[in-house]
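Trainee: I am new to this structure and would like a close look at a single part of it. Could you take me through that part slowly?

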Amino acid sequence: MLADHAAAFDETLRGLLRTPSPPGILPAVGRLGPLAAPLAPEVVTLLNDPREYGRSQAADAYWRITGNPRPVLPLLLTRAAPTTTYASNDTAWYDRRDALRVLAGMRTAGALATTPPELRPLLELCATSPRRVTWKDDDELRRLALTLLDEPMPS
């Protein structure tokens, strides 16, 4: 009987992941961790979604389901897109913020032992730049940068 409920649950989540707006369900799927393994193929599909919105959430769900961050690191590094600008009109910062959230979560969970060196210039800029009053995400970006710039975790 429990197996029937699990199958229905998987099918319900699979259907939600196939909707036109799946990013809303991705955090819940990721929180299921390995229990969501049957949904991994749908999550992988969303990593390459042409709409781009939700790719960072799909990467987060994928590594939480599989326990393996390596396949999604290239995507997250691309989304973080290190740059020398830190302007309040930089709309790509929302994509960067989402990718940095996932990377910081990996780091905090111990799935990412060291921060990729190519992110360091961006993170140092976020951590040391004066706060821009016009942009609400400054405090979060600073916190994420400091998390990722922390010393390597012991192995």
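Which residues of the largest nonpolar core touch the most other members?

Mentor: Keeping in mind that this is a predicted model, we can begin with the largest nonpolar core, which has 41 residues, and in which Val29, Val43, Leu100, Leu103 and Met106 touch the most other members. Two or more residues come from each of several elements, including helix 1 (2–17), helix 4 (55–66) and helix 8 (138–149), while helix 6 gives the most, with seven residues. As a general background, nonpolar side chains in soluble globular proteins tend to be buried together.

Among the core residues just named, Met106 deserves a closer look: leaving aside residues up to four places away in sequence, methionine 106 touches Trp63, Pro69, Val72, Leu73, Leu76, Ala111 and Leu112. Met106 and Trp63 also appear where two helices meet, since the contact joins Ser56, Gln57, Asp60, Trp63 and Arg64 in helix 4 to Asp95, Asp98, Ala99, Val102, Gly105, Met106 and Ala109 in helix 6. The residues of this contact divide into five nonpolar, three polar and four charged.

As for how the pair is arranged, the axes of helix 4 and helix 6 come within 9 Å and cross at roughly 15°; because angles under 35 degrees count as roughly parallel, helix 4 and helix 6 are therefore roughly parallel to each other. Their crossing is right-handed.

How values were computed
Residues numbered from 1 in each chain as written. Predicted model: local features only at pLDDT ≥ 70, side-chain atom pairs only at ≥ 80, totals over all residues. Heavy atoms only, no water. Core = buried A, V, L, I, M, F, W, Y, C linked by side-chain atoms within 4.5 Å. Buried < 20%, exposed > 50% of the residue type's maximum accessible area, 1.4 Å probe, protein only. Helix = DSSP H or I, 4+ residues; strand = E, 2+ residues; numbered from the N terminus. Contact = heavy atoms within 4.5 Å. Axes fitted to C-alpha atoms, helices over the stretch in contact; angles between N-to-C directions. Parallel < 35°, antiparallel > 145°, perpendicular 65-115°, else oblique. Left-handed = near helix turned anticlockwise from the far one by under 90°. Nonpolar A, V, L, I, M, F, W, Y, C, P; charged D, E, K, R; others polar.
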